[in-house]
Amino acid sequence: MSGHSKWATIKHAKGAADAKRGQIFTKLIKEISIAARMGGGSPDGNPRLRTAIIKARGANMPKDNIDRAIKKGTGELEGVNYEELTYEAYASGGVALLIAVLTDNKNRAAADVRNILTKAGGQLATAGAVSRLFRRQGIITLDGEKYTEDQVMEAALEGGAEDVALSSGIIEVTTSTEDFEAVVNALSEKGFETMSAEISMVPEAGVSLDNEATAKVLKLIDKLEENDDVQSVYSNVDVPDGFSAE
């Protein structure tokens, strides 16, 4: 697994109950709404919406929030029209970044992303330069203090998971995009509660930096993720076990 994937899931676990949960829900609502607008409000006939709902449930979003987000997307409730964009960029040290954006003002989003990158010594890349370094993969996380790796592994592999790994108290299940939903359902049927479940962009290979440079890249990623227009940031920085940003 990529170092940043582990780092991101550790951050998620530690911050799940704090003020960032509201920001996470806001981003999920936007994702559900645009999926419903593009493909209709029925998850049965809209794979993207189905995946967004799974992600929201993985983050323990209430059903009412999900239903309202769908209705905003289909026009049953008044909502905002979002535009979907992906920026490719490099952070310092040659670390590749994929920045997924959902915005109602692409000029503002572009200016904000460029400004955040520039202040941190990063820059935008040409189209395709970064995206080719990543592959789509299902990532499901569970609390390693609540379940054992063996318990999760048995259920996950039955559902078709590719791998199960424990790191820093987080159990991370990886799947192909095709088997993602089946694995989520298999875990749910066995009574497992997930912390997150999403189709992610995973780097083919990681970039290793010293502690100071790694901390700088992670600070940039945090700054990007704090922006309201930014949905997700994927990177190929390889964060070593035991790394501390302090």
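Which residues touch the most other members of the largest nonpolar core? Select Leu97, Ile99, Val101, Val113, Leu117, Leu220 and Leu224, which do so among its 22 residues. Such a core is a set of buried Ala, Val, Leu, Ile, Met, Phe, Trp, Tyr and Cys residues joined through side-chain atoms within 4.5 Å; buried means under 20% relative accessible area (1.4 Å probe, protein chains only).

The model is predicted: local features need pLDDT of at least 70 and side-chain atom pairs count only at pLDDT 80 or more, while totals for chains, interfaces and linings use all residues. Residues are numbered from 1 along each chain as its sequence is written, and side-chain values use heavy atoms, leaving out hydrogens and water.

Next, colour β1 (83-90), β2 (96-103), α5 (106-119), α8 (211-226) and β8 (230-235), the elements that give two or more residues to this core. Helices (H or I, at least four residues) and strands (E, at least two) are DSSP runs, numbered from the N terminus. The most comes from α8, with 5 residues.

Apart from this core lies another, of 18 residues, including Ile140, Leu142, Ala156 and Ile171.

Turn then to the open sheet, where 4 strands follow the order β5-β6-β4-β7 with antiparallel pairing; two strands pair if DSSP finds at least two bridges between them. Its edge strands, β5 (163-167) and β7 (196-203), each pair on one side only. Select β4 (residues 134-143), which pairs with β7 over 8 bridges. Within that pairing, phenylalanine 134 has proline 203 of β7 as its bridge partner.

Key:
Buried means under 20% relative accessible area, exposed over 50%, partly exposed in between (1.4 Å probe, protein chains only).
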